[in-house]
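Here are my notes on this one, in the order I would go through it on screen. Have a look at the model alongside them.

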Amino acid sequence: MSSLAAHSRWEIPEIATFSEGPGGLTQLLITSPLASARIFLHGAHVAEFQPTGEAPVLFMSAESLFASGKAIRGGVPVIFPWFGAHSSRPELPAHGFARTSTWEVEALSARPDGAVLVTLRLDPNAATRALWPHEFILRHEIIVGTALEMTLVVENTSTAPLVFEEALHTYFAISDAREIAVRGLHGAEYIDKTDNQTCKREETDFLRFTSETDRVFLQTEAVCTLEDTQTGRRIVVEKSGSASTVVWNPWIAKAATMRDFGDDEWLHMCCVETANVATDAITLAPGATHRMAARLRAAH
Ligand code: TA6
């Protein structure tokens, strides 16, 4: 049975429909009175989110690949079970396997208020076990409404503790990276990945981009706000179950090395990622479940 035929039973006419997207990837298109969204089963990847009457909230590279086994450059990559390069096996795919796996639909419904709820699920398979020999169930619960709510739910179905890193690696659409600031991280300790992983403390509440920026903030539950001084738009990022926030902009030189990213696209994006990484990695007891959630909304 084709992937589309297998999913047609979930469809909500005129609100939530499955179709073949770029690269033949199965996509769920949501058009509710509150917002529109595009979600790929590939990586349980929210690629687009646009509240009604607002500009798109998420950035998507015009050069992104859409292909089996390849990461999508933009939207919200789901990072699990490790962040960045694998700690002991550098040959393994960066940021783990969740974002390049095909997830299954477990639930899809519309709420009376017009929000659409979808749960995507990833179970272990030969490919995941070859990379990471552990048993788990991973769910991505997504609510598309005036805000975008994403919850990564990890269930430890094994008889041993599960240790993992995770992130909702959100790419935000902005007018000009030189004209925006990220508020909320004043005083937070971070690892500066552009300065030999040096540990520093954020001195300002108005983090601006003036060069390549790659900061892993630890032990912070802060609400972050992206302030676009050009458009006056603010995007608020609330979170729960997350002790880390990663802030990234590749800037000019790194952008030029990225094949799936336009040379000038660094101007129009920044990542503020809801995560549990490094010393904030999660150790989950057998049979236990962990939830990490991010809630994104545009505010004026
Ligand atoms: O979250 C920031 C980061 O870890 C950067 O170091 C950069 O590697 C970025 O993720 C993108 O990683 P990717 O594997 O998607 O190219």
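1. Let's start with the walls of the largest pocket. Its lining residues split into ten nonpolar, five polar and nine charged. Keep in mind throughout that this is a predicted model.

2. As for size, the largest pocket comes out at about 620 Å³ in volume. It has 24 lining residues, and those closest to its centre are R73, A94, H95, R99 and M258.

3. What takes up the space of the largest pocket? The ligand does. If you want to find the ligand quickly, then, go to the largest pocket.

4. Now the shell around the ligand. The residues surrounding the ligand are R73, F83, A94, H95, R99, H169, K193, D214, V246, W248 and E273. By class, this shell has five charged residues, four nonpolar ones and two polar ones.

5. Which distances should you check on the basic side chains? For R99, a side-chain N or O atom sits 2.8 Å from an oxygen atom of the ligand. For R73, the corresponding side-chain N or O atom is 2.9 Å from a ligand oxygen. For K193, a polar side-chain atom is 3.2 Å from an oxygen atom of the ligand. As for cover, the ligand on its own would expose 390 Å², and the protein buries 84% of that.

6. R73 and R99 deserve a second look, as both turn up in the ligand shell and also in the group closest to the centre of the largest pocket. A94 and H95 are likewise in the shell and in that central group.

7. Last, the aromatics. I count 14 aromatic pairs in the structure. Which residues do ring pairs link into a cluster? They are F80, W82, F97, W132, F136 and F164. When you go through the pairs, note that the distance of the centres and the angle of the planes describe a pair of aromatic rings.

How values were computed. Residues numbered from 1 in each chain as written. Predicted model: local features only at pLDDT ≥ 70, side-chain atom pairs only at ≥ 80, totals over all residues. Heavy atoms only, no water. Near = heavy atom within 4 Å. Polar contact = N/O pair within 3.5 Å; in protein donor to acceptor, adjacent residues only side chain to side chain. Areas by Shrake-Rupley, 256 points an atom, 1.4 Å probe, with all protein chains shown as cover. 1 Å grid on protein atoms, 1.4 Å probe; cavity = no way out; pocket = protein on both sides within 12 Å on 5 of 7 lines; lining within 4 Å. Sits in = over half its atoms within 2 Å of the grid points. Nonpolar A, V, L, I, M, F, W, Y, C, P; charged D, E, K, R; others polar. Phe/Tyr/Trp six-rings, centres within 6.5 Å; stacked < 30°, edge-to-face > 60°. Points joined across faces, edges and corners; volume = space filled by probe spheres on them.
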